[in-house]
Amino acid sequence: MMNNSGPAVAVSGLQVVRGKRRVIPDLDLEIPAGQVVGLLGPSGSGKSTLMRCIVGVQIIESGTVTVLGHPAGSPVLRDRVGYVTQSPSVYADLSVRDNVVYFGRAVGLRGTELREAVDRTLSEVDLVSYADQLVQDLSGGQESRVSLAAALVGRPSLLVLDEPTVGLDPVLRRDLWELFRHLAERGHSLVVSSHVMDEATRCDRLVLLREGHVLADVTPAELLQQTGAVDADAAFLALIDAETTRSGERSAS
Amino acid sequence: MNAGLTAATSGRVLRQVRTDHRTIGLIIIVPCVLLGLLAWIYNGTRVFDAIGPALLGVFPMVVMFIVTSVATLRERQSGTLERLLTTPMGKGDFMLGYAVAFGALAVVQAVIATGFAVWVCGLGVAGPVWLLVVVAVFDAVLGTALGLLASGFARTEFQAVQFMPAFLLPQFLLCGLLIPRDQLPTVLEWVSNVLPLSYAVDAMKEIARNPDPVTAVLGDLGIVAAFIGGALALASLTLSRRSA
């Protein structure tokens with residue numbers, strides 16, 4: 001069902017300025033299709049900005065972002081790319097089901113197809129028993145799952161998820177990662193940002209960002225091998241230390 | 001633009017309003033209370049018959065302006081607008097969805113307020129009563145369109161509410177309710193000629209005094225409709241898919 005001929009996302013020479021800050025100075029990156037790609041890095045490293053570029057809502061200074069073979073933000077991509085922002089973006093004064101129904105309609109689902117997609121999605125994010133509650137009466141973790149459901153309902157080819165597991169309990173986090181894995185197996189591409197390093201091992205590939213630069217673009221196994229670290233947290237610190245030393249030597253010479 | 005997406009948006013907006021009983025109450029009851037108060041103040045005079053119809057046109061515009069500008073500002077702040085614009089939902093679908101939803105609400109408001117004014121407060125008009133309702137609905141949609149436009153310039157909800165006096169009070173002062181428009185100082189008369197509420201109030205006044213006002217009212221409504229279209233077109237420029 002998916003077009004697997006090219007990468008899901010190809011970024012080249014990307015530069016982004018937000019306010020007075022050059023958030024992304026010059027970035028090249030390729031994100032393969034049909035994989036779960038983790039976007040890791042400290043806060044302020046440019047993860048969210050890069051994701052905004054991929055879904056095409058970010059004004060960019062220069063460079064190109066190609067998504068599923070089209071320029072990011074093209075009309076043809078609008079029902080093929082799902083985006084979940086870091087803070088939940090759903091309607092607090094609507095029920096859980098009404099939110100998911102509306103975003104399902106927005107991507108063109110109707111009738112039985114819509115009903116089935118909504119039911120499936122509600123059970124995927126484990127909110128079936130809350131379906132008729134208003135979002136404003138839910139907990140923060142439940143609200144972020146409604147936001148996730150609003151993107152999942154249309155089964156987009158590419159899912160861009162900004163910190164989807166923040167504030168969730170371990171069981172739910174495991175279930176969601178299993179869902180992401182399942183989606184990737186069905187040919188969907190996922191870009192998931194996180195600053196929880198233990199989630200890194202659940203990804204097919206890791207992109208480590210720091211100050212808008214790609215520090216590493218590897219598989220989890222390669223990351224541990226390259227750095228000799230025992231876990232992702234330590235590996236990330238090792239990479240940052242190495243980078244700091246290198247840039248220190250550069251500026252010294 | 002796509003009728004299905006527009007309908008989806010109006011349905012969603014109406015569902016949101018439905019969960020907020022107090023807002024529904026305010027939309028329906030406040031105009032009736034104000035009209036009742038006015039009828040009482042001018043008890044025994046002909047003044048209520050003269051200004052009552054004009055106020056039937058002003059209330060829906062004010063109410064819908066506030067409701068719409070706050071609702072769309074919330075969409076901008078909560079990220080739902082940005083999210084919607086990454087889907088096939090177009091700016092036109094979004095704005096028309098709002099206009100249709102609040103237009104429907106305006107029909108209910110106008111029917112109840114007009115009924116109250118005519119049958120409870122004894123408002124007498126020369127023209128047909130149903131035409132009062134039609135003009136009131138146009139005014140409500142005008143309020144929605146101006147609210148969509150104003151919300152583009154507001155960064156906070158405080159600002160959005162403050163736009164009400166900024167956008168609407170000058171129109172209210174110059175619309176011919178305080179003194180007839182042709183008796184205004186010349187410059188102010190020109191200004192009132194380019195403000196939409198003037199034509200809405202002209203239409204209402206025409207219904208009040210003319211037994212066969214349909215032709216004159218259609219002319220005024222045409223102008224109001226043009227303002228609605230213009231405001232929506234300008235508002236669509238404030239909805240951008242990309243931001244810094």
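This note goes through the fold of chain B and then its contact with chain A, in a model that is predicted.

1. Beginning with secondary structure, chain B contains 10 helices and zero strands, and if one follows the chain from the N terminus on, its elements accordingly read α-α-α-α-α-α-α-α-α-α. The radius of gyration of chain B is 18 Å, close to the 18 Å that the globule rule gives for 244 residues, so chain B is as compact as a globular protein of that length.

2. As for its extent, the C-alpha trace of chain B spans about 60 × 40 × 35 Å when it is taken along the principal axes.

3. Turning to the interior, 47% of the 244 residues of chain B count as buried. When one considers the contacts in chain B between residues at least 6 apart in sequence, 80% of them join residues that are at least 24 apart.

4. The contact between the two chains draws on 25 residues from chain A and on 21 residues from chain B. On the side of chain A that touches chain B, the elements that give two or more residues are β6 (81-84) and α2 (96-106) of chain A, and the largest share of that side, four residues, is the contribution of α2(A).

5. With regard to the chemical character of the side of chain A that touches chain B, its residues divide into 12 that are nonpolar, seven that are polar and six that are charged.

Methods: Residues numbered from 1 in each chain as written. Chains lettered and ligands numbered in written order. Predicted model: local features only at pLDDT ≥ 70, side-chain atom pairs only at ≥ 80, totals over all residues. Rg over C-alpha atoms; globule rule 2.2 N^0.38 Å. Buried ≥ 20, exposed ≤ 12 C-beta atoms within 10 Å, placed from the backbone. Contact = placed C-beta atoms within 7 Å. Nonpolar A, V, L, I, M, F, W, Y, C, P; charged D, E, K, R; others polar.
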